[in-house]
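Reader: Could you take me through the aromatic side chains in this one? I'd like a close look at a single part rather than a tour of everything.

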Amino acid sequence: MKLDGSLYLSSEEIVIEFQGVEKSFGEQLVLDGIDLTVMKGETLVIVGASGQGKSVILKHMLGLMSPDGGKVNVLGKDITKIGRRELTEVRKRFGVLFQNAALLDSMSVFDNVALPVRERTDYTEGEIAKLVMDRLEMVDLEGAGDKYPAQLSGGMRKRAGLARALVLDPEVVFFDEPTTGLDVHKSNEIYRLFRKTRDRLGYTAVIVSHDAPKIFKLADKVALLAEKKIQVLLPPEKFQLCDNPTVRSFVLATMGPVYDSAREEVMA
Amino acid sequence: MRIFKVIAEDFLFYMAMAGRMTIFFFRAIAAAATPPYKISEIIRQLDFIGARSMFVILFTGLFTGMVLGLQGYHLLKNYGSVAALGAGVGLSLVRELGPVLTCLMVIGRAGSAMCAEIGIMRNSEQIDALECMAIDPVRFLIAPKFIATLISVPLLICIFGVIGIFGGYIVGVQIFDVSWGGYFQSLYDSVGWDDLRMGLWKSLVFSLLIVWINTGKGYFLHMERDGGFGAEGVSRATTGAVVLSSVSILVMDYLINALMI
């Protein structure tokens with residue numbers, strides 16, 4: 001039995017598990033007992049209003065922040081208890097697309113994508129070039145390898161960041177607001193590339209986004225963070241019809257009256 | 001009660017910062033001392049910290065030596081011992097002014113840039129990205145700067161000393177009436193291995209202070225008490241790093257003198 005009484009039974013492998021995670025900044029409580037589970041191969045989307053702490057949850061998953069209380073299990077390890085070396089081993093199985101892509105601005109796009117390969121493998125330069133070109137092609141950036149991040153548009157930077165996140169076939173990929181700052185066409189492009197790469201590489205994905213309801217199309221599960229807690233963790237179609245008042249208010253605020261008719265159709 | 005709370009919070013904040021900076025220092029030293037070395041990045045940093053500081057070091061070294069020659073000549077003339085000018089210029093440069101002024105110049109030119117570069121990388125999540133790619137940012141970003149500073153600053157100090165002695169020679173021998181033989185003989189007689197050793201120790205300790213404080217302030221920009229984010233945060237951290245490293249060098253200069261004299 002899971003949040004909001006929904007049944008969630010599965011024998012699949014748990015990739016990420018939060019148990020009662022609490023986090024405060026000074027006297028401000030941000031996360032108050034977060035429980036969350038991400039199963040292998042699924043795409044979890046965490047939504048919520050700005051400033052609720054969605055990125056804080058993501059930073060806990062990445063081991064960039066430690067909780068004040070509770071457990072954060074990632075790929076079978078409680079990453080709040082392991083040392084730096086063990087955390088590095090866990091992170092080798094990650095890929096992360098940061099909100100602003102976080103490309104190293106002193107390196108070309110090619111070198112940015114090649115960076116994890118050069119640092120973590122013994123591949124020859126020929127093998128690296130082949131792999132990097134394949135990933136750049138996957139995100140439709142095959143002609144931009146020589147460019148520097150400052151020469152790229154916002155959408156291109158995100159795509160380069162995605163290529164870098166995927167270069168070593170990660171098991172889990174984290175997306176922090178993947179479409180923030182992009183127009184509708186560029187956002188759709190990122191969503192298309194997400195589907196394409198996920199289908200090809202088969203990774204588990206965690207997406208933090210405020211781009212509801214569009215982001216629901218990518219999700220296997222949607223979690224709503226509000227009032228310092230995960231209110232529900234449900235498949236998107238159930239999420240949209242959920243009677244939890246906080247969820248209802250979020251759904252109405254983000255989907256508006258246009259969506260109401262669609263909802264009634266679904267209900268009918 | 002409120003004042004006690006503020007003092008306690010300040011104390012805890014500075015203790016935590018001292019702890020972070022100490023761990024950061026030892027991590028950087030360990031990363032700099034053990035392979036694999038980022039040779040191309042070390043060369044790039046040598047160029048930035050060392051080669052590109054050459055002009056300013058030559059310029060300040062020359063004029064420092066010339067001022068020493070000018071002041072020293074007029075002082076020594078009163079005692080009829082202008083031949084000791086070489087000793088005065090040489091000792092001042094090798095023991096004190098060479099290490100201190102070179103390091104202050106390097107802080108202004110390269111130290112501030114190191115702090116700003118690392119700080120901007122912290123602000124734009126580039127350091128987080130390295131960590132998430134399982135790449136140690138200390139080994140990747142900081143260690144090459146430690147190695148390059150430890151190589152280039154002592155060399156810049158040597159160059160400062162040599163060009164300063166030449167500056168003293170121009171003023172004392174070429175402009176005034178000191179004989180070149182007297183100038184260099186007094187220099188040779190007075191400046192010994194103990195003086196060079198002191199200069200060397202200072203150059204090593206000061207190099208470490210420069211690179212540690214400037215990279216550390218940038219690396220922990222996000223943990224600055226008054227908020228390290230945005231352009232203003234980087235600017236504040238850079239100013240703080242320059243002031244702190246400059247003051248630390250002057251304090252450390254006194255301590256080394258007190259220990260070695």
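Author: Sure, let's start at B:Phe220, keeping in mind that this is a predicted model. B:Phe220 has a relative accessible area of 14%, so it counts as buried, the cut-off being under 20%. Right beside it in the chain, B:Tyr219 is buried too, at 5%. The two rings pair up: their centres are 5.1 Å apart and the planes meet at 85 degrees, so this is an edge-to-face pair. B:Tyr219 has another partner as well, since the charged end of B:Arg122 sits over its ring, 4.8 Å from the centre. You'll find a similar arrangement at B:Phe48, where the charged end of B:Arg109 lies over the ring at 5.0 Å from its centre.

Now for the other ring pairs. Over all chains, the count of aromatic pairs comes to 21. One of them joins B:Tyr169 and B:Tyr183, edge-to-face, with 6.1 Å from centre to centre and 65 degrees between the planes. That pair ties together distant parts of the chain: B:Tyr169 belongs to helix α6 (residues 137–175) of chain B and B:Tyr183 to helix α7 (residues 180–190) of chain B, 14 residues apart. How buried are these two? B:Tyr183 has a relative accessible area of 0%, so it is buried, and B:Tyr169, at 19%, still counts as buried because the cut-off is under 20%. They don't sit there on their own, either: ring pairs link B:Tyr169 and B:Tyr183 with B:Phe166, B:Trp180 and B:Phe184 into a cluster.

Methods:
Residues numbered from 1 in each chain as written. Chains lettered and ligands numbered in written order. Predicted model: local features only at pLDDT ≥ 70, side-chain atom pairs only at ≥ 80, totals over all residues. Heavy atoms only, no water. Phe/Tyr/Trp six-rings, centres within 6.5 Å; stacked < 30°, edge-to-face > 60°. Helix = DSSP H or I, 4+ residues; strand = E, 2+ residues; numbered from the N terminus. Buried < 20%, exposed > 50% of the residue type's maximum accessible area, 1.4 Å probe, protein only. Lys NZ or Arg CZ within 6 Å of the ring centre and 35° of its normal.
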